[in-house]
Amino acid sequence: MKHDPTFWLLARASGLTAYALLTASVLAGLVLKARPFGRALKPATVTDTHRFLAMLGLGMLVMHGVTLMLDQTVHMPLTGLFVPGSSPYRPAAVAAGVVGAELMLLIYVSFSLRKRIGTRNWRRLHWATYLVFGLATIHGFASGTDSTQPWARDLYLGAIAAVAFATAWRTLDRTPTPVRTATERST
Amino acid sequence: MYRVTIDRSLCNGYGVCEALAPDVFELDNDGLAVLRSGVSEDEAVREACDNCPMGAITLVQVEAA
């Protein structure tokens with residue numbers, strides 16, 4: 001009987017889509033603070049977009065895991081999806097993806113826990129997003145079977161370049177938002 | 001009586017505070033919240049604080065002088 005490729009195709013597509021959504025969410029997060037479009041883009045809208053893209057990315061990761069388990073190409077056990085290093089297929093490269101995904105979920109959930117963990121800790125944890133992006137890039141490149149394709153290589157290089165560019169913009173363009181205090185205004 | 005502060009680095013300009021307590025909060029030219037008044041007796045500021053999507057508003061209850 002011929003092997004049905006449906007789940008294998010879905011597993012690859014969902015992995016790449018999750019990576020694209022993660023990249024888009026990171027870019028939206030950087031645009032939120034760098035504000036390259038000035039007042040044209042409401043920060044509230046950008047925040048919602050940033051969180052929505054991250055949520056879609058996590059949804060894609062669920063699909064990535066489920067379809068890998070259902071498919072017979074790499075024989076992924078359930079533990080391989082959650083315990084780093086327990087995948088029979090390319091254990092190190094898959095571990096990067098597992099740790100990255102778990103960290104991404106933690107950062108996503110931390111938004112709702114800001115009151116409990118404190119704003120400062122929430123901000124500190126958010127820096128780990130760069131680690132998530134790095135791990136996702138390594139995972140995608142090293143365990144993805146499409147990595148030898150020119151379009152896949154362009155996707156990874158494009159994502160790295162975009163995140164690096166937006167980070168540089170965010171770091172260099174530090175125009176402080178003027179604060180008007182209540183006393184200044186009361187006349 | 002509440003003493004109101006806004007963490008502007010957290011504010012993302014949802015404008016919930018301005019909608020709930022327009023006497024105390026408004027959005028400035030950058031679309032971020034500023035205080036019209038640093039103190040208020042209005043319970044609406046409590047509602048604004050509880051409903052800020054970013055949790056950028058802090059209230060301190062003080063005795064009215």
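This passage describes the fold of chain A, one of its helices, the sheet of chain B and the contact between the two chains in a predicted model.

The secondary structure of chain A consists of nine helices and zero strands, so that, read along the sequence, the chain follows the pattern α-α-α-α-α-α-α-α-α. Taken along the principal axes, the box filled by the C-alpha atoms of chain A is roughly 85 × 40 × 25 Å. Of the 187 residues of this chain, 29% count as buried. When the contacts in chain A between residues at least 6 apart in sequence are considered, 66% of them join residues at least 24 apart.

Helix H4 of chain A, which covers residues 91–110, may be examined in further detail. Its 20 residues should span 28 Å at 1.5 Å a residue, because the expected span is taken as 1.5 Å times one less than the number of residues, and the end C-alpha atoms of the helix are indeed 28 Å apart, in agreement with that expectation. The buried residues of H4(A) are Val94(A), Ala95(A), Ala96(A), Gly97(A), Val98(A), Gly100(A), Ala101(A) and Met104(A). The cover over these buried residues includes helix H1 (6–34), H2, helix H3 (78–82) and helix H7 (129–143) of chain A.

In chain B, three strands form an open sheet in the order S4-S1-S5, with antiparallel pairing. Strand S4 (39–40) and strand S5 (57–61) of chain B each have a single partner strand and stand at the edges, so one side of each is left without a neighbour in the sheet. Helix H2 of chain B, comprising residues 44–51, packs on this sheet and touches S1, S4 and S5 of chain B, and its direction makes about 140 degrees with that of S5(B). Strand S1 of chain B, residues 2–6, is joined to S4(B) by two bridges, and these two strands run antiparallel; in this pairing, Tyr2(B) stands opposite Ser40(B) in S4(B).

Between the two chains, 14 residues of chain A are in contact with 15 residues of chain B. On the side of chain A that touches chain B, the elements giving two or more residues are helix H2 (43–70), helix H5 (114–117) and helix H9 (182–185) of chain A, and H2(A) gives the most, with three residues. By residue class, this side of chain A divides into five nonpolar, three polar and six charged residues. H2 of chain A thus appears in two settings, since it is among the elements that cover the buried residues of H4(A) and also gives residues to the side that touches chain B.

Definitions and conventions: Residues numbered from 1 in each chain as written. Chains lettered and ligands numbered in written order. Predicted model: local features only at pLDDT ≥ 70, side-chain atom pairs only at ≥ 80, totals over all residues. Pairing = 2+ DSSP bridges. Helix = DSSP H or I, 4+ residues; strand = E, 2+ residues; numbered from the N terminus. Contact = placed C-beta atoms within 7 Å. Axes fitted to C-alpha atoms, helices over the stretch in contact; angles between N-to-C directions. Nonpolar A, V, L, I, M, F, W, Y, C, P; charged D, E, K, R; others polar. Buried ≥ 20, exposed ≤ 12 C-beta atoms within 10 Å, placed from the backbone.
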